[in-house]
Amino acid sequence: MGADPWTASGRHQPKPMMHDPEKSDSSIVPVKPANKAGQPAAELAEGRGGIERNADTQSKDRAQNRGSLSQARERIREAAARNRQEKLTTLLHHVTPEALEDAFRRLRKDAAPGVDGVTWEDYATDLTSNLEGLCGRVHTGAYRAQPSRRKYIPKPDGRQRPLGIAALEDKIVQQAVVDLLTPIYEEEFLGFSYGFRPGRGQHDALDALAVGIEERRIHWILDADIRSFFDTISHDWLIRFVEHRIGDRRIIRLIHKWLKAGVLEDGCRIETLAGTPQGAVISPLLANIYLHYGFDLWVQQWRQRHAAGDMIVVRYADDTIVGFEHQSDAEKFLADLVERLAKFGLSLHPDKTRLVEFGRWASRDRARRGQGKPETFDFLGFTHICGKARKTGRFQLRRQTKAKSMRSKIQEIRQTLRYHRQAPIHEQGTWLGMVIRGFNAYFAVPTNSAALTAFRDKVTIAWMAMLTRRSQRHRLTWPRMKGLADRYLPKPRILHPWPNTRFRVRHSR
């Protein structure tokens, strides 16, 4: 399943109370590169080792590099759009020191190091020399992918999710290759695929699903969960899928190196025969490629050839919701989907894959049969419920924060508060305010006001419980605690528009 944006923090230890946000360079303006095509921006950004450079010159060089990189990626996109049936055979020459520097600067500076132990700051001390050496190894074939360092993070259900932390140079090269391949596959991917794509996010997928349920003839929902998707991807099938569009054997060899690099756990290297490491820079794109050929194209054909009624599809990474007008279509699709996934080494989770009656007429139809309320389903951190509008009484899709997500977040807050129990109240309150604002930034959608209020109340109670344990002679009363909450914790308010409003803005057609 896709990572919940508030529970998959990727860290075991409590987070620090305060941190300074990264500063972005907003003064960079693209500049037209040199007209001589023989030696493009490589000369413009070449550093002079051991000599201090003027800050304005560095900014100018970086702006020129970014302009040339964006032009190169646009040419790649145009070539992919013109030749949809042909393979692109010359791509690796776009991996230049400038492209590697651009990839390096977009990596997280505070990310945990891989097996090499090299941090972002360490690598930046001699960046020009390091990147030129890395670029040379990539082009001569001397580059070797290092195994990922295995780390486990807790999942909301109590299990452990394995993550692979790649070495820094592997991250740099992977990001540069992702930058090359993304414009190619953006011409291939279908409209109902939303996960890890530029210009698309989780709320775009949620909006599309809400509009489809409310405005299309949808009576049944299939919540399809692929069992251990990232761990069971077939390397052979993945390479074959990539080769449909990529004919540059050097790019293929790089991907093959990353897939076969293995993981390092407790000092032992474990060979990986299947799957892509969760947490690797390249993994989201490879997962989308795998599901594009293994699922998306097949679903598109199935809808055209077999569906007797209306049908909608929304996929975010390996989280998929399919809506149907007829129960017979839903049952046939589910049976065919099991066979389709088995062909590519995948399977549905029997306990998490559910077919539920849902939609505008679900409550009415179930009441006629003497059944209870329609079942709910979860998608991207929200529980979707068949409800009614207060004023009109008509069907309204209600979305509430998933209970597991809220419990997990409250537990994380309690642990962090215990870790910083003796911190000043002002510092604690400021941090908790940031947490609530971050929570609301994702979950503050229409129909979710009650959950937002409940979350703020639970945070207030957790904060008070921690403050009363700081001393046996505390004088903290509830009115005073309420005053602290009103001072530091923002009150809930809806931040997102109604799904159909934003959907029509994004898709004006």
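This briefing covers the sheets, strand pairings and helix packing of the structure above. The model is predicted. It includes an open sheet of four strands in the order 6-7-3-8 and an open sheet of three strands in the order 9-10-11. Among the helix contacts are those of helix 5 with helix 9 and of helix 8 with helix 10.

**Four-stranded sheet and its helices**

- The pairing in the sheet ordered 6-7-3-8 is antiparallel. Strand 6 (311-316) and strand 8 (354-357) are the edge strands; each has a single partner strand, so one side of each has no neighbour in the sheet.
- On average, neighbouring strands of this sheet are turned by 15° against each other, direction ignored.
- Strand 6 is joined to strand 7 (residues 319-324) by six bridges, and the two run antiparallel. Within this pair, Ile-312 has Gly-323 of strand 7 as its bridge partner.
- Helix 6 (residues 202-215) lies across strand 3 (220-225), strand 6 and strand 7, and runs at about 165° to strand 6.
- Helix 11 (residues 327-343) also packs on the sheet, where it touches strand 3, strand 6, strand 7 and strand 8. The direction of helix 11 makes about 15° with that of strand 3.

**Three-stranded sheet**

- In the sheet ordered 9-10-11, the pairing is antiparallel. Its edges are strand 9 (377-379) and strand 11 (395-401), each with a single partner strand, so one side of each is left without a neighbour in the sheet.
- Neighbouring strands here are turned by 40° against each other on average, direction ignored.
- Strand 10 (residues 382-388) and strand 11 run antiparallel and are joined by seven bridges. His-384 stands opposite Arg-399 of strand 11.

**Pairings of strand 1**

- Strands of a sheet pair through backbone hydrogen bonds, in either a parallel or an antiparallel sense.
- With strand 2 (residues 160-165), strand 1 pairs in the antiparallel sense over six bridges. Lys-151 has Leu-163 in strand 2 as its bridge partner.
- With strand 4 (residues 263-265), strand 1 (residues 148-154) runs parallel, and two bridges join them. Ser-148 has Val-263 in strand 4 as its bridge partner.

**Helix 5 against helix 9**

- The axes of helix 5 (residues 168-186) and helix 9 (residues 249-260) come within 12 Å and cross at roughly 135°. The two helices are therefore oblique to each other, and their crossing is left-handed.
- Helix 5 makes the contact through Asp-170, Val-173, Gln-174, Val-177, Leu-180 and Leu-181, and helix 9 through Ile-251, Leu-254, Ile-255 and Trp-258.

**Helix 10 and its contact with helix 8**

- Helix 10 (residues 283-305) has 23 residues, which at 1.5 Å a residue should span 33 Å; its end C-alpha atoms are 32 Å apart, in agreement with that value.
- Helix 10 also has a kink of about 50°, centred on His-292.
- Helix 8 (residues 235-242) packs against helix 10 at an angle of about 85°, with the axes 9 Å apart. Helix 8 and helix 10 are therefore roughly perpendicular to each other.
- On the helix 8 side, the contact involves Trp-237, Leu-238, Phe-241 and Val-242. They meet Leu-286, Ile-289, Tyr-290, Tyr-293 and Gly-294 in helix 10.

Notes
Residues are numbered from 1 along each chain as its sequence is written. This is a predicted model: local features need pLDDT of at least 70, side-chain atom pairs count only at pLDDT 80 or more; totals for chains, interfaces and linings use all residues. Side-chain values use heavy atoms; hydrogens and water are left out. The expected span of a helix is 1.5 Å times one less than its number of residues. The bend at a residue is the angle between axes fitted to the seven residues ending there and the seven starting there. Two strands pair if DSSP finds at least two bridges between them. Axes are lines fitted to C-alpha atoms, for helices over the stretch in contact, and angles run from 0 to 180 degrees between N-to-C directions. Angles under 35 degrees count as roughly parallel, over 145 as roughly antiparallel, 65 to 115 as roughly perpendicular and the rest as oblique. A crossing is left-handed if the near helix is turned anticlockwise from the far one by less than a right angle, and right-handed if clockwise. Contact means heavy atoms within 4.5 Å.
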